[in-house]
Amino acid sequence: MPKYIESETLELKEKYTDVICKEIVSFLNATGGTIVIGVKDDGTVVGVDKIDETFKKISEIITTQIEPNPQDEVSSELRFEDGKTLIVVNVSKGIQHIYCQKKYGFSSVGCTIRVGTTCREMTSEQIRIRYENKFVDSEYMLKKRATMSDLSFKELKIYYSEKGYHLDDSNFEANLNLKNQNGEYNLLAELLADRNNIPLIFVKFKGSDKATISERSDYGYRCIITSYEKIKNRLQAENICISDTTVRPRHDTYLFDYDCVNEAILNALVHNDWTITEPQISMFDNRLEILSHGGLPSGMTKKQFFDGISKPRNTTLMRIFLNMGLTEHTGHGIPIIVKKYGEEVFEIEDNYIRCTIPFDDAVLDKIKNANVGLNVGLNVGLNVGLNVGLNKTEKKVVSLLIEDSAYTSEELAAKIGLTKRTIERTFISLQNKKVIERIGSKRDGRWIVIK
């Protein structure tokens, strides 16, 4: 019988290979284990020739290639068998909830776990649960006191209920860390409250500089998730589309890549330093700019940022966005933008990050030739890109809901000059056309635009 037999806690390697990084991660995410280098799979001892070089490579793995850094959980030693030298890598169970290979981030490829004698990729659900559990109550948003003391969270509870979470009012605030150690509502709570003092401004400028403002809309002063939805709907409406009907299927070209803009907005919200001020979204004749404050999170390099390494500044806010399905933990958002527009669209400084999304030249030329400006407002998006086939009343209702999803049928009736019953029939028509959907109950819910 060979002395060495692979098991759930023992991995044998004839020689060093880069796959050892994956093996270490797998043991960290499981119950720990040992990697013996210099032994064949059948247990035959062959030894290690380049001892110093191998030690150096293992050290590099431990210090630079795994996130979080596992230096306290991994150690290396020499062992002598049959006149040959072996290198033994001892891996303890990780003290963090989840580890990954940095180059792959918190994805299934990056997050592996030891199962039997093999390394298995973790499922998205396993990663999500572990990733949420790794957040700790140490961030500034949880300690900084809110500017308001009388806060309510009806909208946030609706969001959680819609996602299938069981709500218990007695511990809802505690579970989401909405109060600081003194029992006062914190900055996170203020961001998530139904009403707050935090703006979120969308500004349109005439031309390519900030000399002249054509429109200023504030979607803040309410739950940050609702504010995000409103911003998202507004940008959908602004994303002018031109269609080439001479080919089949029809070819559509949009002013900007909406998925990239959405990722930039989410990144700005989650990573913004809210103690400074809110993110800023600016629209010019030729570009969109999304600016967040605070620069890169502490300890993150530009290379890690562009590689998609996920390291949120506001970890608990990130957890809530994960719960809502608004963002993911795979770190794919920045690489998506880079793949489409290149790294040069990001301006990264110590105190801010600006993402500049250029508009499509073909769409700009079409607009120019048609003598249509980008500052004609919401109706351009409604009429050109989104709501073909809607009648006049439906378009007015959609336009107002994009401005404020909290409008009731009575308020819309008063604004448009129609009866409440007409508005309610319009809601049903728009719902059947899959343009809007109901979030929450008839009493506490609201209609949001989904296309």
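Buried means under 20% relative accessible area. Phe346 has a relative accessible area of 10%, so Phe346 is buried. The legends below describe close-up views of a predicted model.

**View 1. Phe346 sits within the largest nonpolar core.** This core has 80 residues. Phe346 is among the residues with the most contacts inside it, together with Ile224, Phe256 and Leu288. Helix H9, residues 258–271, gives the most to this core. Its contribution is nine residues. Leaving aside neighbours within four places in sequence, Phe346 is in contact with Phe305, Phe306, Ile334, Ile337 and Val338. Ile353, Arg354 and Cys355 complete that list of contacts.

**View 2. Another core lies apart from the largest one.** This other core has 19 residues. Among them are Ile35, Val74, Ile87 and Tyr99.

**View 3. Phe205 and Phe284 form a stacked aromatic pair.** The structure holds eight aromatic pairs. In the pair of Phe205 and Phe284, the distance is 5.0 Å centre to centre. The angle between the planes is 15°. Phe205 lies in strand S9, and Phe284 lies in the loop between strand S13 (280–283) and strand S14 (287–293). The pair therefore ties together parts that are 79 residues apart in sequence. Both Phe205 and Phe284 are buried.

**View 4. Phe306 and Phe346 form an edge-to-face pair.** The ring centres of Phe306 and Phe346 are 5.9 Å apart. Their planes stand at 65°, so the pair is edge-to-face. Phe306 belongs to helix H10 (residues 302–307), and Phe346 to strand S15 (residues 346–348). The two rings therefore tie together parts that are 40 residues apart in sequence. Phe306 counts as buried because its relative accessibility is 15%.

**View 5. Ring pairs link three aromatic residues into a cluster.** The members are Tyr160, Tyr165 and Phe172. Tyr160 is also one of the buried residues of helix H5 (residues 154–162). The other buried residues of helix H5 are Glu155, Leu156, Ile158 and Tyr159. Just after H5 comes Gly164, with a positive phi of about 90°.

**View 6. Asp194 is buried yet has no salt bridge.** Asp194 is placed in the loop between helix H7 (187–192) and strand S9 (201–206). The nearest side chain of opposite charge is that of Arg195, 6.3 Å away. A salt bridge requires a side-chain nitrogen of Lys or Arg within 4 Å of a carboxyl oxygen of Asp or Glu. Polar partners are found elsewhere. The Asp194 side chain makes a polar contact with the side chain of Ser152, at 2.6 Å. The side chain of Asp194 also reaches the backbone nitrogen of Phe153, at 3.3 Å. Leaving aside neighbours within four places in sequence, the contacts of Asp194 include Ser152, Phe153, Lys154, Glu155 and Leu156. Tyr221, Arg222 and Cys223 are also in contact with Asp194.

**View 7. Gly389 is an exposed loop residue.** The loop runs between helix H14 (378–386) and helix H15 (392–403). Gly389 counts as exposed because its relative accessibility is 60%. Leaving aside neighbours within four places in sequence, Gly389 is in contact with Glu394 and Lys433. The C-alpha atoms of Gly389 and Asp18 are separated by 57 Å. Along the chain, Gly389 and Asp18 are 371 residues apart.

Definitions and conventions. Residues numbered from 1 in each chain as written. Predicted model: local features only at pLDDT ≥ 70, side-chain atom pairs only at ≥ 80, totals over all residues. Heavy atoms only, no water. Core = buried A, V, L, I, M, F, W, Y, C linked by side-chain atoms within 4.5 Å. Buried < 20%, exposed > 50% of the residue type's maximum accessible area, 1.4 Å probe, protein only. Helix = DSSP H or I, 4+ residues; strand = E, 2+ residues; numbered from the N terminus. Contact = heavy atoms within 4.5 Å. Lys, Arg positive; Asp, Glu negative; His and termini not counted. Polar contact = N/O pair within 3.5 Å; in protein donor to acceptor, adjacent residues only side chain to side chain. Phe/Tyr/Trp six-rings, centres within 6.5 Å; stacked < 30°, edge-to-face > 60°.
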